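Trainee: I am new to this structure, and I would like to understand the reasoning behind the words used to describe it. Could we go through some of them together?

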Amino acid sequence: MQREEKQLELTLEALISQVADLKNSLVSFIYKLENEYDRLTWPSVLDSFALLSGQLNTLNKVLKHEKTPLLRNQVIIPLVLSPDRDEEIMRQTEGRVPVFSHEVVPDHLRTKPDPEVEEQEKQLITDAARISPDGAQKQIQSLNKMCSNLLEKISKEERESESGGLRQNKQTFNPTDTNALVAAVAFGKGLSNRRPPGSGGSVQSGQPGAGAIIAGASGMQQVPMSSAPAQQQPMLAGVQIAQAGQPGKMPSGIKTNIKSASMHPYQR
């Protein structure tokens, strides 16, 4: 008897230790759900579930161990029932059970579930026994197919939402170029002050036919024509001078009036 009592005592101590660890894990997980739900991540929830699952498996191993006595053969009988407040029970239950009276004993010392729950459990067991192995396999395959389709839809929606967010956030213009264009149109910033060829009275040295203008005719003004710059040819005293280096081109039929200066260019 002493050996069995000692073994039962050790088993109860191991069970109390395992249940205490499980209780602490549950308290921590409930605290996270109630106070840290705004920053709680799914991997953290999975870690909490994995911890609880491991502790439950350890508790089941202790109960199924060969050295563990059959606890179902042990009967718990309350020796003292009192409606008064019991500080020792308060300490052991961490304030959850203030008194050990006739009202709370049936709930705390219950070894079977409620009659309604027990009836529902029996009905589920009976329904499960009626299903044949082939029918159960078909139901499992149907459930797996539904889960796969649901996961595929969820993944597709996530990809579409991510691609839509990328399209919305993608920049379609260059802010530097836009600011430079606005500054150029509004304030003329960055524009060149150089006049284009043919818009003024001076002739560039690199222009073809520039050497055909007679020296000393500084008072002569050449008026630009409406044709392309490549077709402009210098005029002297109403006479058209053909440009060198352009063989085979027809001379332009447009004549340009030359305004003479105060001194005639041919006056000696």
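Trainee: Where is isoleucine 16 found, and what makes it exposed?
Mentor: This is a predicted model, and in it isoleucine 16 is found in helix α1. Its relative accessible area is 60%, and exposed means over 50%, so isoleucine 16 is called exposed. Isoleucine 16 also belongs, with Leu12, Leu63 and Leu71, to a nonpolar surface patch of about 340 Å².

Trainee: Why is glutamate 13 called partly exposed?
Mentor: Glutamate 13, which also has its place in helix α1, has a relative accessibility of 46%. Buried means under 20% and exposed means over 50%, so a value of 46% lies in between and glutamate 13 counts as partly exposed. On the surface, glutamate 13 gathers with Glu4, Glu5 and Glu9 in a patch of negative charge.

Trainee: What makes the aromatic pair of phenylalanine 29 and phenylalanine 49 edge-to-face?
Mentor: The structure holds one aromatic pair. The ring centres of phenylalanine 29 and phenylalanine 49 are 5.3 Å apart, and rings pair if their centres lie within 6.5 Å; their planes are at 65°, and because planes over 60 degrees apart count as edge-to-face, that is the name this pair receives. The pair links distant parts of the chain, with phenylalanine 29 in helix α1 and phenylalanine 49 in helix α2, 20 residues apart.

Trainee: Which of the words buried, partly exposed and exposed applies to each of these two residues?
Mentor: Phenylalanine 29 has a relative accessible area of 10%, which is under the 20% limit, so phenylalanine 29 is buried. Phenylalanine 49, at 45%, falls between the 20% and 50% limits and is therefore partly exposed.

Trainee: How do you know that arginine 110 forms a salt bridge with aspartate 114?
Mentor: The closest N and O atoms of arginine 110 and aspartate 114 are 3.6 Å apart, and a salt bridge needs such atoms within 4 Å, so the contact qualifies. Arginine 110 also meets aspartate 107 in a salt bridge, at 3.7 Å from N to O. By this rule the count comes to nine salt bridges.

Trainee: Why are aspartate 127 and arginine 130 said to be separated by about one helical turn?
Mentor: Aspartate 127 and arginine 130 are three residues apart in helix α5, and that is why their separation is about one helical turn. Their side chains meet in a salt bridge at 3.9 Å, N to O, and this value is within the 4 Å limit.

Note on methods. Residues numbered from 1 in each chain as written. Predicted model: local features only at pLDDT ≥ 70, side-chain atom pairs only at ≥ 80, totals over all residues. Heavy atoms only, no water. Patch = residues over 30% accessible without salt bridge, like charges linked within 9 Å, V, L, I, M, F, W, Y side chains within 5 Å. Areas by Shrake-Rupley, 256 points an atom, 1.4 Å probe, with all protein chains shown as cover. Lys, Arg positive; Asp, Glu negative; His and termini not counted. Charge placed at Lys NZ, Arg CZ, Asp CG, Glu CD. Helix = DSSP H or I, 4+ residues; strand = E, 2+ residues; numbered from the N terminus. Buried < 20%, exposed > 50% of the residue type's maximum accessible area, 1.4 Å probe, protein only. Phe/Tyr/Trp six-rings, centres within 6.5 Å; stacked < 30°, edge-to-face > 60°.
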